[in-house]
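This report describes a protein model and is intended to be read beside its sequence and structure. Please keep both in view while reading.

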Amino acid sequence: MPKELPDSLLSDRIVTILMKYFHSIHEMISGISNEGSRTVAQLAFYDTLGGYLNYYLIPITKYSYYAGQVSLQTVENVILLHRNCKKYLNVNGNGWRAPIKDVLRKLKSIHIEPLHMDESKGCSEASFCLHLDINSDQFHYDKEKMIVPLPIVDPEDHNNFLNNIWLPFKHKQTYDLRSDSSAYVLVKFYETVSKCYQYEHIDQNCFNNKFRNWLLENIHVHMNDEQFYPGLGAVLRIYEILKYDKKYTRHDEQYAGEEDANFDYKNADVNPEDENRSYMVESDSHG
């Protein structure tokens with residue numbers, strides 16, 4: 001395994017290099033002619049690789065996805081390799097070193113770029129508002145400042161992991177945060193709401209403050225979960241833009257800490273190649 005671990009979040013390019021490195025070792029071991037020696041080497045390799053993935057690569061890759069720096073496919077490739085290691089060894093992985101916690105505190109070089117949205121597009125397009133259930137009366141909220149209610153997460157499961165989330169879209173409103181089909185759904189929601197605010201010429205500060213607090217109370221506490229949440233793709237970029245626009249309220253202080261000392265704020269345009277990659281930072285801006 002690599003002797004020195006990168007002290008920053010990862011990019012698709014870096015993870016791909018690591019995956020090719022692992023594959024080359026697998027191919028080399030598979031070429032050992034003596035069956036007994038090959039079996040011993042395979043067991044040792046997959047045990048070492050599984051431990052490396054469990055402790056370092058999976059948690060860092062997941063955080064990199066939450067920061068919009070790697071794709072969903074990249075994370076799933078790493079998770080699949082981890083699963084295959086456990087399957088080959090017939091173990092549950094409990095003997096491996098526990099995954100890194102407080103990832104953003106452990107890494108020395110953190111650059112999470114705030115989500116950048118083209119305000120000129122939102123100001124002239126009513127379509128964003130049409131996607132929202134603006135007239136929803138299911139929940140009480142200040143309609144003068146809050147054009148839609150805040151999201152609602154279902155109760156945690158028996159492992160204290162997130163399940164479904166309710167979002168005030170006009171049509172589909174319930175999304176499974178663990179499903180690939182929900183990739184980047186929270187960022188899509190925030191972008192839609194923001195552009196609707198722009199179109200309606202309503203001050204968004206009230207929503208941003210409430211949404212930031214909602215993120216801290218409901219999402220922040222699950223960033224270290226072993227469960228992977230495709231629905232939280234690039235969610236850290238939302239939090240960055242909210243922090244970048246306005247200083248903390250008193251409510252934020254109890255949650256601030258592990259990230260704040262390490263964050264380096266800088267604006268960056270997103271890459272509009274396709275719907276989901278638009279929420280990722282450009283590949284040459286990191287890693």
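The largest nonpolar core of this predicted model holds 78 residues, and the members that touch the most other members are Leu186, Phe211 and Val235. Seven helices are named as supplying at least two residues each to this core: helix 1 (12-30), helix 2 (35-66), helix 3 (72-89), helix 4 (103-106), helix 7 (185-200), helix 8 (205-218) and helix 9 (235-245). The greatest contribution comes from helix 2, which gives 12 residues.

Val235 offers a view of how this core is joined. Leaving aside residues up to four places away in sequence, valine 235 touches Tyr66, Leu186, Val187, Leu215, Ile219 and Met223. One of these partners, Leu186, is itself among the three core residues that touch the most other members.

The core belongs to a protein with 9 helices and 3 strands. Read from the N terminus, the order of elements is α-α-α-α-α-α-β-β-β-α-α-α. Of the 287 residues, 50% are buried. The exposed surface amounts to about 14,600 Å², of which carbon and sulfur atoms supply 48%. Among contacts between residues at least 6 apart in sequence, 71% join residues at least 24 apart.

Two loop residues other than glycine have a positive phi, and the table sets them side by side.

| Residue | Location | Phi | Relative accessible area |
|---|---|---|---|
| Histidine 201 | loop between helix 7 and helix 8 | near 55° | 68% |
| Alanine 234 | loop between helix 8 and helix 9 | about 65° | 0% |

Is each of these residues buried or exposed? Histidine 201 has a relative accessible area of 68%, and exposed means over 50%, so this residue is exposed. Alanine 234 has a relative accessible area of 0%, and buried means under 20%, so this residue is buried.

The confidence of the prediction must also be considered. The mean pLDDT of the protein is 82, and 78% of its residues reach 70 or more. Over residues 247-274, however, the pLDDT is below 50. This stretch nevertheless has 63 contacts in the model beyond near neighbours in sequence. Why is caution needed in such a region? Where pLDDT is low, predicted coordinates should not be read in detail.

Notes:
Residues are numbered from 1 along each chain as its sequence is written. This is a predicted model: local features need pLDDT of at least 70, side-chain atom pairs count only at pLDDT 80 or more; totals for chains, interfaces and linings use all residues. Side-chain values use heavy atoms; hydrogens and water are left out. Helices (H or I, at least four residues) and strands (E, at least two) are DSSP runs, numbered from the N terminus. Buried means under 20% relative accessible area, exposed over 50%, partly exposed in between (1.4 Å probe, protein chains only). Contact means heavy atoms within 4.5 Å. Accessible areas come from the Shrake-Rupley method with a 1.4 Å probe; for residues, only the protein chains shown count as cover. A nonpolar core is a set of buried Ala, Val, Leu, Ile, Met, Phe, Trp, Tyr and Cys residues joined through side-chain atoms within 4.5 Å. pLDDT is the predictor's confidence in each residue, from 0 to 100.
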